[in-house]
Amino acid sequence: MGNSALKAHLETAQKTGVFQLTGKGLTERNQNHQSVDQDALMIFPEDLQKLTSNLRTIDLSNNKIELLPPLIGKFSILKSLALNNNKLTALPEELCKLKKLETLHLNGNHLRQLPTAFGQLSALKTLSLSGNQLQTVPSQLCGLRHLDVVDLSKNKIQNVPDTVGELQAIELNLNQNQISQISVQISHCPRLKVLRLEENCLELSMLPESILSDSQISLLAVEGNLFEIKKLRELEGYDKYMERFTATKKKFA
């Protein structure tokens with residue numbers, strides 16, 4: 001992409017508050033990482049620094065970004081950040097300074113963990129981390145009081161720890177992981193209505209019955225595990241679950 005095209009993008013961003021450069025083969029250049037594409041644009045060129053107080057949306061999906069620079073923490077009014085399908089292996093702690101951030105999409109990267117201070121993203125409502133390398137449900141998520149939807153599908157999660165009981169999310173997607181154990185604490189999630197556990201490694205005996213009998217969950221998706229769905233219907237508490245399921249269905253009918 002030439003300078004004139006970039007300049008046009010920047011001018012548009014200044015007016016609209018939206019900076020979008022998707023599918024351009026962008027590569028972050030630094031001393032250790034040479035650009036694969038010699039014409040590739042630096043992700044955060046100096047000109048973009050002038051927009052740190054303008055931008056509400058940044059979308060850099062479908063590129064080849066390996067590093068997110070500390071500069072990201074300076075976008076003080078940023079509400080939405082999308083970096084789907086890049087090559088990120090880590091996120092800078094500076095990301096956690098984005099106090100207005102409500103939506104964060106990081107699907108299809110190589111992330112193994114989240115920054116320590118991730119719980120400081122106090123406005124976050126939607127978090128998508130599908131298709132990464134996470135091995136557990138990050139405990140940092142439990143401090144996020146406004147979190148509504150969390151997508152951790154297609155990772156390498158093997159168990160759901162006790163800390164999950166503090167999660168404030170309404171929907172938790174754990175489809176297509178390697179989960180064989182779930183803490184009974186998941187039943188205590190105060191707002192959790194939708195729990196997706198399809199295509200994991202769960203034996204029926206490893207599914208806490210309290211999810212059925214004593215939780216807020218009104219949609220439990222468990223197809224593709226190591227038991228037949230009809231066996232689930234035989235568990236104590238299934239009737240209570242179906243009452244919640246039916247009541248929710250009627251509400252949206």
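**Note on helix 1 and the largest pocket**

1. On one side of helix 1, opposite its buried residues, Ser4, Lys7 and Lys15 are exposed. This and the points below concern a predicted model, and the remarks should be taken with that in mind.

2. Helix 1 runs over residues 3–16 and has 14 residues, and from its first C-alpha to its last it reaches 20 Å, which is close to the 20 Å expected at 1.5 Å a residue. The buried residues of this helix are Leu6, Leu10 and Ala13. Seen down the axis of helix 1, these buried residues fall within an arc of 60 degrees, and they therefore line one face of the helix.

3. As for what that face meets, the buried residues of helix 1 pack against strand 1, residues 18–20. Helix 1 is followed by Gly17, and the phi of Gly17 is positive, near 80 degrees.

4. Turning to the pockets, the largest one has a volume of about 270 Å³. Its lining is made up of Lys193, Val194, Gln216, Ser218, Leu219, Arg244, Phe245, Ala247, Thr248, Lys249, Lys251 and Phe252. By class, this lining has 5 nonpolar, 3 polar and 4 charged residues.

5. Helix 4, which spans residues 238–252, gives the most to the lining of the largest pocket, contributing 7 residues.

Technical notes
Residues are numbered from 1 along each chain as its sequence is written. This is a predicted model: local features need pLDDT of at least 70, side-chain atom pairs count only at pLDDT 80 or more; totals for chains, interfaces and linings use all residues. Side-chain values use heavy atoms; hydrogens and water are left out. On a 1 Å grid over the protein atoms alone, a cavity is a set of points where a 1.4 Å probe fits but cannot get out, and a pocket is an open set with protein on both sides within 12 Å along at least five of seven lines; lining residues have an atom within 4 Å of a point. Grid points are joined across faces, edges and corners, and a volume is the space filled by probe spheres set on the points. Helices (H or I, at least four residues) and strands (E, at least two) are DSSP runs, numbered from the N terminus. Ala, Val, Leu, Ile, Met, Phe, Trp, Tyr, Cys and Pro count as nonpolar, Asp, Glu, Lys and Arg as charged, and the others, Gly among them, as polar. The expected span of a helix is 1.5 Å times one less than its number of residues. Buried means under 20% relative accessible area, exposed over 50%, partly exposed in between (1.4 Å probe, protein chains only). The arc is that of the directions from the helix axis to the C-beta atoms. Contact means heavy atoms within 4.5 Å.
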